Amino acid sequence: MSHDLTERVDGFVEMAWLGETPWHGLGQEMQPGDSLAQWQRQAGMDWTIERAEVEFRAQGQLQGMADAASSQPSFERGRPWMFPRRQVLYRSDNCVGLGVVSNRYKEVQPAQVLDFFARYLEQNRWQMSAAGTLRNGAVLWATARTGRGAEVVAGDVVEQYVLLSTSCDGTSSTEARLTNVRVVCANTLASARGVKASVKVRHNNKFDQEQVQQDLQLAHLGDLAMPFDEFMQAARSLAARPVSRSMAEDYVLAVAHRVRSGFLQSAWDARQALTDLPQGQLRQSLQRGDAYKKMMALFDGEGRGANMPGTQGTAWGLINAVTEYVDHQPKGTRQSAADRYFSAWLGRGQALKQEALVLARLL
């Protein structure tokens with residue numbers, strides 16, 4: 001499937017959601033107050049990750065094999081061989097393989113992803129919003145609304161969410177992340193600072209739910225409010241900051257240059273990115289490029305909510321042009337919607353949005 005949501009042989013899609021129907025229209029709709037057991041079942045996360053030793057069978061003829069009279073040992077092709085210190089992770093329900101990992105790899109079970117939210121649901125602080133699996137179950141994720149929301153300007157609401165995601169194929173760590181979503185366009189926005197926004201646990205360490213909650217400072221509602229309030233202060237400041245046409249073009253050019261470079265510059269400097277803009281043929285090439293043209297079009301009115309007061313012609317509008325480009329615009333024919341989703345929440349897309357926010361605050 002192009003969206004990479006896991007679909008079982010009977011057509012059941014491993015995703016559940018509450019609220020507005022997601023863009024793909026697939027999965028099971030949940031109701032307020034549904035239990036985590038119901039979420040686990042309807043999200044298709046009602047199975048466990050199991051382990052098995054890696055076994056393989058060599059094919060073809062063995063090159064350089066000694067003849068029967070040789071004292072060299074004889075190697076048989078076609079018989080099972082073991083790969084030491086490697087194990088296959090597979091699903092308990094259908095035995096589909098998920099990944100080959102070392103024997104030190106510590107997986108996070110589907111039920112653990114949802115259990116992370118249990119204490120907050122029981123205290124009526126949070127509400128589950130979505131959960132599911134991708135790539136046949138190799139990626140597991142769930143999101144919850146924290147109940148915290150506010151207007152940047154009249155009618156432009158931002159809500160706070162928590163995402164927990166993990167993989168069982170070695171492609172990503174387990175991560176708990178605070179994020180903000182602009183309701184009018186479903187854009188996932190960067191935090192005002194990276195501090196407190198995310199906690200990652202590598203799979204060579206055991207996932208300790210309580211420790212992650214403590215590290216993310218979610219144990220007290222006051223701590224949870226701090227990063228959101230900080231973001232809202234920054235967003236309102238950006239909405240009150242008009243930008244000229246040349247400022248908008250330079251800003252989008254700097255972001256497009258970062259997209260083009262593929263994050264090759266690990267030590268990126270926002271001030272330098274604005275003052276040392278590409279010139280000559282590189283500038284012209286970037287302005288003809290897909291990223292630049294799409295972001296400028298979104299800023300100029302094609303974006304969702306782009307013409308709202310406080311967004312049109314402001315630094316806040318530039319932020320949302322970048323965010324909508326990252327979250328909702330296809331990046332060539334090879335990027336699936338699922339890849340775009342996780343890039344927006346956790347990968348390079350999230351990093352780009354964080355840098356774009358830093359850049360906008362310098363305008």
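**Entry 1: E9 and its partners**

I began with strand E9 and strand E10 (residues 187-189), which pair in the antiparallel sense over 3 bridges. I was working from a predicted model, so I kept that in mind throughout. The two strands form a hairpin with 4 residues between them, and in the turn I found Ala-186 with a positive phi of about 60 degrees. Within this pairing, Asn-180 stands opposite Leu-189 of E10.

Next I looked at the other hairpin. Strand E8 (residues 156-167) runs antiparallel to E9, and 8 bridges join them. Here I noted Leu-164 opposite Ala-176 of E9. The hairpin of E8 and E9 has 6 residues between the strands, and Gly-170 takes a positive phi near 80 degrees in it.

Then I turned to E11. Strand E9 (residues 174-182) pairs with E11 in the antiparallel sense, over 4 bridges. Ala-176 turned up again in this pairing, standing opposite Val-199 in E11.

**Entry 2: which way the side chains point**

How many residues of E9 are buried? I found that 9 of the 9 are, so the strand is largely enclosed by the rest of the structure. Thr-174, Ala-176, Leu-178, Asn-180 and Arg-182 point one way, and Glu-175, Arg-177, Thr-179 and Val-181 point the other way, all of them buried.

Along E11 (residues 198-201) I saw the side chains alternate. Val-199 and Val-201 point to one face and are buried, while Ser-198 and Lys-200 point to the other and are not.

**Entry 3: two single residues**

Is Asn-180 buried or exposed? Its relative accessibility is 4%, and buried means under 20%, so I put Asn-180 down as buried. I had already placed Asn-180 in strand E9. Leaving aside neighbours within four places in sequence, I listed the contacts of Asn-180: Val-158, Glu-159, Gln-160, Asn-187, Thr-188, Leu-189, Ala-190, Ser-191, Phe-228 and Phe-231.

For another residue I picked Gln-233, found in helix H5 (residues 221-239). With a relative accessible area of 60%, where the cut-off for exposed is over 50%, Gln-233 counts as exposed. I also checked Gln-233 against Val-152: they are 81 residues apart in sequence and 8.4 Å apart in space, C-alpha to C-alpha.

**Entry 4: the cavities**

I then went looking for cavities and found 4 of 30 Å³ or more. The largest has a volume of about 70 Å³. What lines the largest cavity? I wrote down Arg-182, Asn-187, Leu-298, Phe-299, Gly-303, Arg-304, Ala-306, Thr-311, Gly-317, Asn-320, Ala-321 and Glu-324. The elements giving two or more residues to this lining are helix H9 (290-302) and helix H10 (315-328). H10 gives the most, with 4 residues. Sorted by class, the lining has 4 nonpolar, 5 polar and 3 charged residues.

The second largest cavity has a volume of about 50 Å³. Its lining is made up of Leu-189, Ala-190, Phe-231, Trp-316, Ile-319, Thr-323, Lys-353 and Leu-357. H10 and helix H12 (348-360) each supply at least two of these residues, and H10 gives the most, with 3. By class I recorded 6 nonpolar, 1 polar and 1 charged residues for this lining.

One link back to my earlier entries: Leu-189, Ala-190 and Phe-231, from the lining of the second largest cavity, are also among the contacts of Asn-180. Likewise Arg-182, which I had met in E9, is one of the residues lining the largest cavity.

Methods: Residues are numbered from 1 along each chain as its sequence is written. Side-chain values use heavy atoms; hydrogens and water are left out. On a 1 Å grid over the protein atoms alone, a cavity is a set of points where a 1.4 Å probe fits but cannot get out, and a pocket is an open set with protein on both sides within 12 Å along at least five of seven lines; lining residues have an atom within 4 Å of a point. Grid points are joined across faces, edges and corners, and a volume is the space filled by probe spheres set on the points. Ala, Val, Leu, Ile, Met, Phe, Trp, Tyr, Cys and Pro count as nonpolar, Asp, Glu, Lys and Arg as charged, and the others, Gly among them, as polar. Buried means under 20% relative accessible area, exposed over 50%, partly exposed in between (1.4 Å probe, protein chains only). Two strands pair if DSSP finds at least two bridges between them. Contact means heavy atoms within 4.5 Å.
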